[in-house]
Amino acid sequence: MSGPQRAGEPGTIRFTFDGKPLLARRGDTLAAALLANGIGLVARSFKYHRPRGIMAAGVEEPNALVTVGTGGRSEPNTRATDLFVYEGMVARSQNRWPNLSFDVGSILGLAAKALPAGFYYKTFFGSAKRWMFYEWFIRRAAGLGDAPNAADPDRFAQRAGFCDVLVVGAGPAGLAAALAAAEAGERVTLVEQDRVLAPSLVRDPQELDPAWAEATAAQISALGGQILLRTTAAGYWDDNLITLSQRLAEPGQQPPNGAAQRLWHVRAKRVVLATGALERPLAFAHNDRPGVMLSQAVRTYVRRFGVVPGQRVIIATNNDDAYLTAAAMRDAGAEVVAVLDTRPAPAGATSGFTVHNEAMPLATTGARHHLREVSARVGGKIVRWQADLLAMSGGFTPVVHLHMQAGGAALDWDDASQSFLPGAARQNVTSIGAAAAADPIGPTPPPENSGKAFIDFQNDVSLGDVDLAWAEGYRSVEHLKRYTTLAMATDQGKTSNMAALGRLAEKQGVAIPDAGLTTFRPPYTPVTMGLLAGRSERDAGAHLRRLALYDVHQAKAPTWQPLGYWKRPRAYPAGTETLAQAALREARSVRTAVGMTDVSTLAKFEVSGPDAAALLELICATTVAKLAVGRGRYTFMLREDGLVFDDGTVWRLGEDRYLLTSSTGGADRMATHISYVRQFLYPQLKVSAVNVQEHYAGIAVAGPHAKTVLAALIGEEVPRHMSTVPAAIGGVPVLVLAASYSGERAFEIYVEASKAEPVWSACEAEVTAHGGCLYGMEAMEFLRIEKGHLVVGGEIDGRLTPHDLALGGMLNKAGGYVGAEGLTRPALTQTGRKQLVGLEALDGTIPEGSMLITAPGQPAQGHVTAAGLRVLDGGSIALGQLNDGFARHGELLIASSPTRGLIARVRVVAPHFYDTGGERYRD
Amino acid sequence: MTDIAITQLPAAPLNVLEIWSNPLAVLDRFEKAFGPSLPPLGSSLQLPGRLLIRYEPAVWLVEGETIGLAEILGSDGSLTAIGGGLVRVRLSGAGWRSLLMEGGVFDAESKAFAPGCSAATVIDHVNVRLLVESDDACLAYVPLSYARGMIHFWTIAAKSLD
Amino acid sequence: MMLITCPHCGPRAQAEFTYERTVDSVVQPGTDPAGAMERLFTRANPRGLDDEIWRHTFGCRAWLVMTRHRVTHAIEAIRAVGPEALP
C-alpha cells in the first residue's frame, strides 16, 4: 500500500505546501502536484476536523481548500483542484493546529455527538450565557481560512463584453456550438474555467482526439470569436447579462501586468450553456477519508496529470462510466482489486475486471495519506479488501446553476439518470451536452451506518444529520439546508445536494422533484472580494473631483477638505500654524483687509430663451422676472412638498439669459430637478438650461479692500452689491458678480476654467499687495456663521419651510413655483416647528452638532447646525434650529453633546452677529 | 501589449446648441446655410472650422466656430459656452476600442460604432462622451474635474488590456 | 442589471440610467394643493406592471416613461418624453 505517486520526472516548478519544498510539473493543479508527491492528507474538515484528502479534480472539490500566497495577495479557501502551480507558490492547509497531521481540533471528531446538526441553533436558543461561552470556542474551532489583513497590492479590472452568442464551457459540446455560431457569422464569446480547452477529452481521448479541440478553437478565433480560458461564468442576471470572473494570474501569484483578475459584464443576445455535469459521491461510512475519490477525478489525475492516486483501487459505482476509470487505472499499472456495482447485472463490457453486482461499500479504514481497507456488502455478505484507493461514482448531476440563475427557468426530472435537467427558461438560453442530458444510473443503496456517511463533505453533514433534522421536525428543503448547513460555504453543495434531496424525498414519501429545491444563487464558484470591488477598493469607488485650480492650491500645501467627491482647500496654514489658527488668521484678513477663495464647485446653470424667467420662477420660490438686466438676488428652491432644499443666487445676464447658482453639495440634485421641471413637466417652454458648473472656475474676493482690488484688476468701475458686469482680467474675459457670503463687500469672478490660472494669479498678486491672503472653507464657515448666512446641509436640511428659515417674506407672492401647493399644508404653519435661531455662549464653547435642552435630562428642543466664533472679538456663537425659536430670543438653554461629554450654556438670539444692518455692502 | 496612446488635447471652444421649438424650421435654415443636415443622435457632422456632435435629443455639441448659428436658431434655440468644463482626450492606436470596454457598459467594439459616430455613456462611474474619429482614434469629452482621474485610469488600464 | 432600450439611443445598460419616480407620483402643473399632496404621498405600488419615470442620465439625458413589471423586470413599453425633437 503506497498511496498516490507519479512515475518519471518530478517536475521543475518549485512550490511549498505547509512550508515543505516540493516540485510540480508544468500544467499541474496543486491537487495533482500534491498527489504526485505522495500527499493525500491536505485538509481538516470544517466541523469535526476529520482528515480530508482530494476528492475531485475540478471546481466542485469540497475538501481540499488551501490558503495560497502571502501578505495582501494571500487568498484563503482556494480549491487545490482549481489552482495551477507556479514557480514559488506558497500554499498552506487550513483549519488545523498545530499542523495537519496532528490537529488538536480533531478531538472534536471524537466528540462529534456533541456537535450534531443544528448545534448552533440549539445553543443559540439556549441561554445567552451558554452562547457567549461556546462562541469563543466555535469561532476558533470551526472555520475556513483566514482573510488577509494587508491590502491587496494588485489591481482588479472590470470590462464590458457584448456578443451574439456566449458559450459557457469549452468542452466538445461548447466548442462545437461556438464554431457553428462563428461560422454563421455571429459574434461569439467562448469561456472555459479550466486552463486548457476540453479537459474532458484529455481524460477520455477515446471520444475525440484532444487535438480536435485545438483545431476547433483556432477556427473560432480565425472567424473573430473570442475565447477566454481560466474564466468562469459566475452569475446570470437580467436580460442575458452574465458576469465572468477571469483569472489573469493564479491565486496568490504576482500578476504580470498588475491586474490579477478581471470581472466581465457580458451582454449576450443568446447564451449556450455547455457546463457539463458533476459526478456524485456515494454515501457509506468513512467515505470522506483521504483515498476516497470521485471516479472521473481518478481518471483525470491518471490521464491528464500522469499521477496515479493509488496502487490498489476499488471502484464503486452505479453506472457504466466508472468502468473507464478501472481501465485507466489498469493501463497505468495499478491493480483494480474489485469493481462494486450496485446494479444487479453489468450494463456494458466489463473488460475482465472482477465485478461484484448488487455491491456497495460499507466502510473504509485508512492511513494518513491513503486507505488501508475497504469493506463492502456484496449480495448478502460482507467482504473486505486491502486497498489504498476507492474511486466512486454515484451518477452525474448536470450543472444547471446558470440556467436556474437566469430566472423564470424550470427543471425537468429525469428518472433514468436520477437528475434534474434544464427545462424552459424565460431568457434566451439553452443547455447542451452533458449539462442537458445524463446517462442512466442504477440504484444507490442507503448506507448501513448513516452517522459517518458524509454527503456534504465541506460542512461535515452526514446522512444521519439529514435524518436528525427530519426527526426534529424540519420538513422543507430550505429548513433542512439552514438547520444542517448543508450545501453552504464555498462549494454550495455541488456534490451534496442530490444525495440530501433524495433522502429528504424518501422521508417525505414523495418523488424527488416534489421535495423542492433550494435557490441557485450566484456566484457559481467563489469570487474574491477584490474582483467585485474592482478599482473601487482603494477610493470607495469614486474618482476624486479636482478643481480647475487643483495644482495651484496643491502648490501651497493646503489642508484639504473632502466635500462630496470634491476636495477643497480647508485652510492654508503658514509655518507651524494649526488648522484653527490658520482659519482664524484668514477670516480676520477678510474682516480687516481682503481675502480670496476658490468657489468653483458651486452649482451653476445658464438659462436662456424667451421662457428663461418662467422656468426660473418655477425652480426658485422668489421672483426672477422683475430683475433688471445686470442685477442679481438671493433665492431658494423648494421641493414639491414645500420644504426648502437649496439656495443660491440668480443673475440676469441679458434680456433672455440668466445665471443661477446653488450649493455645491446639491449640484447634481439641482441639475436633475431643473431637468425634470423643464423636460417632463413643461416640455413646451422655450428655454435652454445648461449645466455650466465646470465651465466656470470661480474666485471670491471679499473684504474692505475688495473694491480696490477688483478695480485694479478689471480697470473699471466695480459693480454695486448684487450687480454683475462682464469684464476682463489680463485680457481674459470674466464675469463679475457682486455678491457676498462673508458679510463683507465681495465679488465672485467667473472665468472659463481652462483660462483660470492667470486670473487667479493676477487676483492673488493684487490681494497680497493689499495685505490680504487666501482663505479656505474653514474661514468661510466662520464668516458666514457670524453673518448668519445659511448652508445647504446645515440650516437648510430639507425639513424647514421658508417661514422656518425666516425667508417667508421673499416668497413670490404670485405663487406658481414648485412647492407652492406643498407649502399650504396646515402642518407647515402650526406652532412647535423648528425655526432658525442664533446662539451665543454664556460660558465655554458651543459644541458642534449639540442638542438644545432646557435642563439636563429634558428632551431636545432643537440642535446646533453650525458652531463658530466672533471673528474679531472671539466668543463662541452658533446657528441652530429651535422649536418656536423666533419667539424665544433671550431665553437661556443648554447646548449639550452627551456622547462627547461637552456642554455650554447659551442664550437664544437673532441669527445675525455681524453688521446686522448690512452697512458694509453699501458703497 | 496592445498599442494605445492617451493624449490630452488643448482646450477648444465648445458650445451647447439647443433647439426648443420648430426643429424642422431650424433644420431647414441649417441646410440652406450649410448644405448637409444637422446630424442625428449618435452621429456627428464635420463642417469647415466646426464640428457638430449630437449627444441629446435637442442638443448638439459644437466644437469650433459658431458664426452664423445664432441666426439659424433665431428664437427657436440658443448657444451656451461649456468649453471650460470639458477636457478632450484622444485615445489612439488599434486598442482604443478594447480600452473603452474597461470599466464601461457601452459596446465600443461594435462595428456599428464607426468613424463619425458619437455616444454618451458612463466609464468607471464617470459620464463620458465619445466621438469616433477614425478606426485608429476616438475622442473622449471628459468632465474637467474627472479628467485627470480618467486619464490615470486609462493609462493604468492600457497596461493590462490583453 | 437590466438592458433598457432608450427611445433615442437604443439598448443600453441600466447603469447609464437613473430611476426617478413613478408616474402616479407626478404632480402636474395646476393641480390643487390637496390633489398634489395626494399624488406626492400616496402610491399604487402594484405587484406587477407599473409606469415608472427613468432618465438616461449618463447617456442622452432624456426622460423616459417605462412600463415595467416589478417582479420579473420585464419592460413592456418605453416612450420618450420631453420637447419635440428632430429624428
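Strand β14 (residues 259-273) of chain A is largely enclosed by the rest of the structure, because 13 of its 15 residues are buried. A residue is called buried if 20 or more other C-beta atoms lie within 10 Å of its own, exposed if 12 or fewer do, and partly exposed in between, with C-beta atoms placed from the backbone. Strands (E, at least two residues) and helices (H or I, at least four) are DSSP runs, numbered from the N terminus. The model is predicted: local features need pLDDT of at least 70 and side-chain atom pairs count only at pLDDT 80 or more, while totals for chains, interfaces and linings use all residues. Residues are numbered from 1 along each chain as its sequence is written, and chains are lettered from A and ligands numbered from 1 in the order in which they are written.

Three strands of chain A are described here as partners of β14(A), where two strands pair if DSSP finds at least two bridges between them. Strand β9 (residues 155-168) runs parallel to β14(A) and is joined to it by 13 bridges; A:Gln158 has A:Leu263 as its bridge partner. Strand β13 (residues 241-247) is antiparallel to β14(A), with seven bridges, and here A:Arg247 is matched with A:Gln261. Strand β28 (residues 429-431) pairs with β14(A) in the parallel sense over three bridges, and A:Thr430 of β28(A) stands opposite A:Val272.

Chain A also contains an open sheet of six strands in the order β40-β41-β42-β39-β33-β43, with mixed pairing. Its edge strands are β40 and β43 (773-774), each of which pairs on one side only. Within this sheet, β39 (residues 696-702) and β42 (residues 746-752) run antiparallel and are joined by seven bridges; A:Ile699 has A:Ile749 of β42(A) as its bridge partner.

Two helices of chain A lie across strands of this sheet. Helix α17 (residues 579-592) lies across β33 (595-598), β39 and β43, at about 120° to β33(A). Helix α21 (residues 756-769) lies across β33, β39, β40, β41 (732-737) and β42, and runs at about 5° to β39(A). Axes are lines fitted to C-alpha atoms, for helices over the stretch in contact, and angles run from 0 to 180 degrees between N-to-C directions.

A:Met722 is located in the loop between α20 (706-714) and β40 (724-729) of chain A. This residue is partly exposed, because 18 other C-beta atoms lie within 10 Å. Beyond its neighbours within four places in sequence, A:Met722 is in contact with A:Arg631, A:Gly632, A:Arg633, A:Ala738 and A:Ala739, two residues being in contact if their C-beta atoms, placed from the backbone, lie within 7 Å. The C-alpha atoms of A:Met722 and A:Arg633 are 6.2 Å apart, although 89 residues separate the two along the chain.

Chain B has four helices and ten strands, which follow one another from the N terminus as β-β-α-β-β-β-α-β-β-α-β-β-β-α. The chain is as compact as a globular protein of its length, because its radius of gyration of 16 Å is close to the 15 Å that the globule rule gives for 162 residues. The radius is taken over C-alpha atoms, and the rule is 2.2 Å times the number of residues to the power 0.38. Along its principal axes, the C-alpha trace of chain B spans about 50 × 30 × 25 Å. Of its 162 residues, 49% count as buried.
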